[in-house]
Amino acid sequence: MSSGLNFLRCLVPAAALCAALALGTQAAQAQEKVLRAVLHADVRVIDPIWTTQTIANIHGMLVYDTLFGNDANMQPKPQMVDKYDISADKLVYTFTLRAGLKFSDGSAVTTKDVIASLRRWGAKDGVGIRLFTFVDKLEAVDDKAFRLTLTKPYGMVLESLGKTNSSVAAIMREQEAKTDPQQQVKESIGSGPFMFAKDQWVPGSKAVYLKNPHYVPRPGNEPPSSFAGSKIAGVDRIELVWISDSQTAMSALINGEIDFYENPSIDFLPILEKSRNVKLMKTGDLDSTHGMIRLNHLHPPFNNVKARQAMYYLINQEDFLRAIVGDPEYYRVCHGLITCGAPLASDAGSQWFKEYNPKKALQLLKEAGYKGEPITVLAATDHNTITPATQVLIQAMRDAGINLDVQSMDWGSVVSRRAKKEPPAQGGWHIFVTTTGGVGSANPVLHTWLGAACDKGLFGWPCDEKIEALRNEFAFAQTDDEKKRIARDLQARAMEQVVYIPFGQWTTPLAYRSDRLQGIVPNTGLVVLWGITKK
Amino acid sequence: MTAYILRRLLATLPVMAVVAVFVFFLLRIAPGDPAAIIAGEDATREAIEAVRAKLGLDRPILEQFALWLWRLAQGDLGVSIFSNLPVTRLIGQRLEPTVALTLSTLLVAVALAIPIGVVAAWQVRKLADRLVMIFAVLGFAVPGFLAAYVLIYIFAVQLQWLPVQGYRPIAEGLWPFVEGLILPSVALGVTYMALIARITRASMLEVLSQDYIRTANSKGLATRRVLLLHALKNAAVPIVTVIGIGIALLISGVVITETVFNIPGLGRLTVDAVLKRDYPIVQGLILVFAAVKVLVNLVIDISYAFLDPRIRY
């Protein structure tokens, strides 16, 4: 008994101490302005160069800064760069960094860091690789200035450095930037508006970012516009909370447990619209998602362009969009491959979407040599948009009388299997459905799914010299009119060759607590969390 | 008894070895490729191959297995393919929420289910018994996630008495810790309570029909004394067995409950790791779950000897 009493005597002060500590911690946290946000995925990778995952780029843009930032109109604006000069022959770019730039550990940003970071990005990212094929020299002038010399007058240097999709050209410390691009960096220390609290990171649950005391925003308090403008941290701390269940995330927003929800399920939008203190913000065409049906160009019947073109007769975009989104306010029919609503959008090639006619589709397939062999469709079962879109496609193909071999699997398995070039009967595939983002799709060079580089291209491996030549030509175009003309020709050719079949374009609004947050910036590719203030 | 415990502990080694072999090879047989997920949507086949090579996933499978076993023998569960953090750290981060949720569910379920099971047996075929049986049937029939959403809607969204989601460690205060566990424990515990209540009722009914209970009643002992001291103790063996089996149910149940209530526990870690094909985490977790299951069975077996003096090891 006495030992029990002794235990209790020890326990009571310990509990009191714990309670006091907890109260102290809570009081300190109460004074902090904390933005709790639920994004579309959880932060599992802290290296935006190692992976192209969007969430890793969002992490990257909180922690790292970039030389340029593309604004909401996709125009590159200087970020870390103070001034720059382009030679008359457009072969030599000289950049000078802003004064006083520091990493979050207090060390100065120098051209050694910048050059090492650009080299790593240029060895891994698709757009970076393309840029670096034209780079002759990348050298420091001094600690603050560096020079990029090209072999040809590549026209997309600044857009590439400021791009907001895929892997952003993040500037890291030299020691991390020297990491093999095929390996993930171990530390995430940048010169961006926030710093990553690695010790508080619980992968799959929470990633914490603290205001970077060493960050130097662009002068002039320019309002944020996508990645351009002054990146002023409006809160002391950002917690990216991962709530995988969309209904729970919606309830947490209504209950005030989170402040910001990047992509609420379309099904729940009517509930959120009626909720007090919750506002929805439409994000626009450039932040849209595009649906794509990818055919395998390596194997019959889709190694024949006639068979690929026959598939247009099975596509009624409204059917897909109603299944995925439902509310026409959030979708639009888009018969182009370049983002509808973007400056380079056109109606070139839209004549392929003549009518929905399954019988005609089958007849054309037969004319192209299809004899009723099973068509292998990779059907994801766990994706909120790809799964219903695949089901609509499957139904259309069944209506046409096409013999299908539907391979149902989770999205992770689709991602793995689509890389297989083997014939469908030996573990390969004929068709899979996927999506891509509006910012990347708005530019023929950034839009990697538009490529037709045969073996070196993306899954499906379309192969067309003319398409590749047009993409290269676009990269060297000097005027907007020239770019528009090339983009139009490119889209027409790509639709004729059926690099993929588009099935529409849709957006998901941002949802946030209007009673607490101000300064929300509409997304243009990636969510922007700097500039947001909390009451 | 000591010899028995040692024998049983030694017997866990081959069990764990079999689990290790199965989990390693089943994961490799399953479709999916972490390298493709890491490389991202726009990655070419070559880029995926490069990531796979750096992760060592292109090596012969037996070589990968030998390397994993060698590290395992040294207590190293490896590092996550995605976050690059040690699996032991990731499991450690997630242990407290799952243990807290499991124990609170166990506590709520046992504390409520055994009394209502006893009452049902005592009041057999009367109103109380019928109500308990209705609850038991509903408890089995209603899926845990549905109960969870209903509870969230009523107690969190409408009444705003409790939080919708999340977990606060006990270090942040007792009430924040408890309030975050109430709804998940109830949602997770409903099926478990139904199971224990039914088994308690059935076991008690069998014991209550025994001669020695009739003797105790005829001696004029108080009903409470007969039920709790004479009947319940003798009915305890099947109840304890079900509680043990239920722990396995809880392990599978936390996966859903942790997802719905956004509790960063081992269940969610498992699901996320499986979906992302993060092999080292899945392997580590399955081993941990298997070890827990083996140990729980051992504890249950040992408890028989204390509950029933006729059982000797």
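UniProt positions are given here in the numbering of this structure, feature names are shortened, and annotations may be inferred rather than shown by experiment. This is a predicted model, where local features need pLDDT of at least 70, side-chain atom pairs count only at pLDDT 80 or more, and totals for chains, interfaces and linings use all residues. Residues are numbered from 1 along each chain as its sequence is written, chains are lettered from A in the order in which they are written, and side-chain values use heavy atoms, without hydrogens and water.

**Exercise 1. Find the annotated stretches of chain B and check their fold.**

Step 1: The unreviewed UniProt entry puts "transmembrane region" on residues 9–30, 99–124, 131–154, 174–195, 235–261 and 281–307 of chain B.

Step 2: Take residues 131–154 of chain B: they're 92% helix and 0% strand, with end C-alpha atoms 23 Å apart. (Helices are DSSP runs of H or I with at least four residues, strands are runs of E with at least two, and both are numbered from the N terminus.)

Step 3: Now take residues 174–195 of chain B, which come out at 100% helix and 0% strand, with 30 Å between the end C-alpha atoms.

**Exercise 2. Work out how H7 of chain A packs on H7 of chain B.**

Step 1: H7(A) spans residues 246–254 and H7(B) residues 144–158; their angle is about 5 degrees and their axes lie 11 Å apart. Axes are lines fitted to C-alpha atoms, for helices over the stretch in contact, and angles run from 0 to 180 degrees between N-to-C directions.

Step 2: That angle makes H7(A) roughly parallel to H7(B), a label for angles under 35 degrees.

Step 3: Who touches whom? A:Gln247, A:Thr248, A:Ser251 and A:Ile254 meet B:Tyr149, B:Ile152 and B:Val157, where contact means heavy atoms within 4.5 Å.

Step 4: Sorted by class, this contact has four nonpolar, three polar and no charged residues. Nonpolar means Ala, Val, Leu, Ile, Met, Phe, Trp, Tyr, Cys and Pro, charged means Asp, Glu, Lys and Arg, and the others, Gly among them, are polar.

**Exercise 3. Describe the second largest cavity.**

Step 1: A cavity is a set of points on a 1 Å grid over the protein atoms alone where a 1.4 Å probe fits but cannot get out, and lining residues have an atom within 4 Å of a point.

Step 2: The second largest cavity has a volume of about 50 Å³, volume being the space filled by probe spheres set on the points, which are joined across faces, edges and corners.

Step 3: Its lining includes A:Phe95, A:Trp121, A:Phe132 and A:Leu148.

Step 4: By class, that lining has ten nonpolar, no polar and no charged residues.

Conventions
Angles under 35 degrees count as roughly parallel, over 145 as roughly antiparallel, 65 to 115 as roughly perpendicular and the rest as oblique. On a 1 Å grid over the protein atoms alone, a cavity is a set of points where a 1.4 Å probe fits but cannot get out, and a pocket is an open set with protein on both sides within 12 Å along at least five of seven lines; lining residues have an atom within 4 Å of a point.
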